[in-house]
Amino acid sequence: MVDDKGACFLTIDVGTEGTKSAIIDEFGRVLGISYYEYKLEVPSPLWATQDPRIWWHAVKETVREAVISSKIDPDRIAAIGVCGQMHGPVSLSKEGEFLYNQPPLWCDKRNIQQCLWLKSKIDEEALLEITGNPITPAWMGLKIRWIKDNLPHIYEKTYKFLTPKDTIICMLTGEFVTDFSEASGSYLFDCRKLEWSPYLAEILEIDLEKMPKIFSSHDVVGELRHDIAREFSLKGGVPVIAGGGDFPCAMLGAGGIFVDLAVDIAGTSSLMAVSTEDLKTDERLLNLHHVINGKWILFNEVEAGLLKWFRENFAESEKAVASMLHRTAYKVLDEEASMVPIGSDGLIVFPHFIGERVLGRYNFKGGIIGLSLMHTRAHIFRALMESIAYELRRILELIEELTKVKVCAVRLVGGGATSPLLTSIRANVYGKKVELLRNYQGGLNGLAMLCMIGLKFEGGNLNKILER
């Protein structure tokens, strides 16, 4: 029986393909959830952007719908947590106005020249020890440098550069803040001292005053503004925590806090990650500060929403069938691809449709190899899944090599966790046990846990959220 009086938490995930908002109770049960889909805009090769106003509209729509569908008394909401796609610098004025509506997102690579410039200027190996990471276009500081070089008037007007989730927190509270997980992905952060680095800022020629104050992910950083609360049919003054990047929050929600447990996050990008007690650097892998203090996340990823790209461009008939059957197009595509033999009858996909972070080149393109007249759309869809799985296996092997720890199981979260075919492919390719959670919404679960930690919440049971 569901408790109709206990505390609940409003959790918001501002993703690359859409925004989810959910009401989650103290036992990790999702009482109401809503999703608003939008597009990744690619106005030029290697660009990836979205108008921040779309995120804010999506938040307002999904929060209202989640509250209504949960059928709870809004007074039960004890705290609000936000996570989101990482690294994309949003230019905001002191009044919280958006100054640039095409910010470079995490997978945007328009700043390749800034990366090459930095590589020519500094010893990358020395920077690896400070930042925990090799130089790649993903990092926020190098994206800010692109803005400074190409849009100096925007750079000068910017009061603070905030990531997408921090932008939403600013809209909710009026506060300009960030957390350690986001700061660690900026290339302006000293991973040893856990603070903004004047040295890195000097190298990149970026004014640190334009960066927000850093908090722990569970810290309460503000309260829900009363005018915004009225729009949501909520009470004003609800505590809002700092939250974290969508990926680190998903790590927590999936129980990714142990060195021998890997987490496979199947979203727009596909990530393979493990939690570590100490920062471990390698030019082939990446690091982010965990949303749990004292821990780090060692990972790498396959960038680009390949399955959504396929659905949008080659699956009109499946979308029509799905609509009639009140299902998703992905379910229909899964059923078709499950009829294709393992190995997709020799079809091979090179999955780097928007470049690769560190295991290849920034400007790599994708490829489909081995096509013949016998191959169908179902073959291509399955081959996309298989190619991503093999890339993630390569990352997992590198992680095991560096940490000297044999991963005993892989937990799968994100939208891909709803696909039996994807789960089966991953398990076969990894050769390891793949575990699913009862609730695949890892990021939202992680936020609920952070809310409880931030409020020093004594009710409920945090372990319930991690039950499979």
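A hairpin of 3 residues links strand 14 to strand 15, where strands (E, at least two residues) and helices (H or I, at least four) are DSSP runs numbered from the N terminus. The model is predicted, so that local features need pLDDT of at least 70 and side-chain atom pairs count only at pLDDT 80 or more, while totals for chains, interfaces and linings use all residues. Residues are numbered from 1 along each chain as its sequence is written, and side-chain values use heavy atoms, with hydrogens and water left out.

The two strands of this hairpin, 14 and 15, pair in the antiparallel sense over 5 bridges, pairing being assigned if DSSP finds at least two bridges between two strands. Within this pair, Ala266 stands opposite Ser270 of strand 15. Strand 14 also pairs with strand 20, in the parallel sense and again over 5 bridges, and here Ile265 has Val413 of strand 20 as its bridge partner.

In a regular strand the side chains alternate between the two faces of the sheet. In strand 14, Leu261, Val263 and Ile265 point one way, Ala262, Asp264 and Ala266 point the other way, and all are buried, which means under 20% relative accessible area, with exposed being over 50% and partly exposed in between (1.4 Å probe, protein chains only). Because 6 of the 6 residues of strand 14 are buried, this strand is largely enclosed by the rest of the structure.

These strands belong to an open sheet of 6 strands, in the order 16-17-15-14-20-21 and with mixed pairing. Strand 16 (286-289) and strand 21 (433-436) stand at the edges, each with a single partner strand, so one side of each is left without a neighbour in the sheet. From one strand to the next, the twist averages 30°, angles running from 0 to 180 degrees between N-to-C directions and axes being lines fitted to C-alpha atoms, for helices over the stretch in contact. Helix 10 packs on the sheet, where it touches strands 14, 15, 16, 17 and 20, and its direction makes about 60° with that of strand 15; contact here means heavy atoms within 4.5 Å.

At the edge, strand 16 runs antiparallel to strand 17 (residues 296-302), to which it is joined by 4 bridges, and Leu288 has Ile297 of strand 17 as its bridge partner.

Why is helix 10 (residues 246-253) described as largely enclosed by the rest of the structure? The reason is that 7 of its 8 residues are buried, among them Phe247, Met251 and Leu252. Helix 10 is followed by Gly255, whose phi is positive, near 80°.
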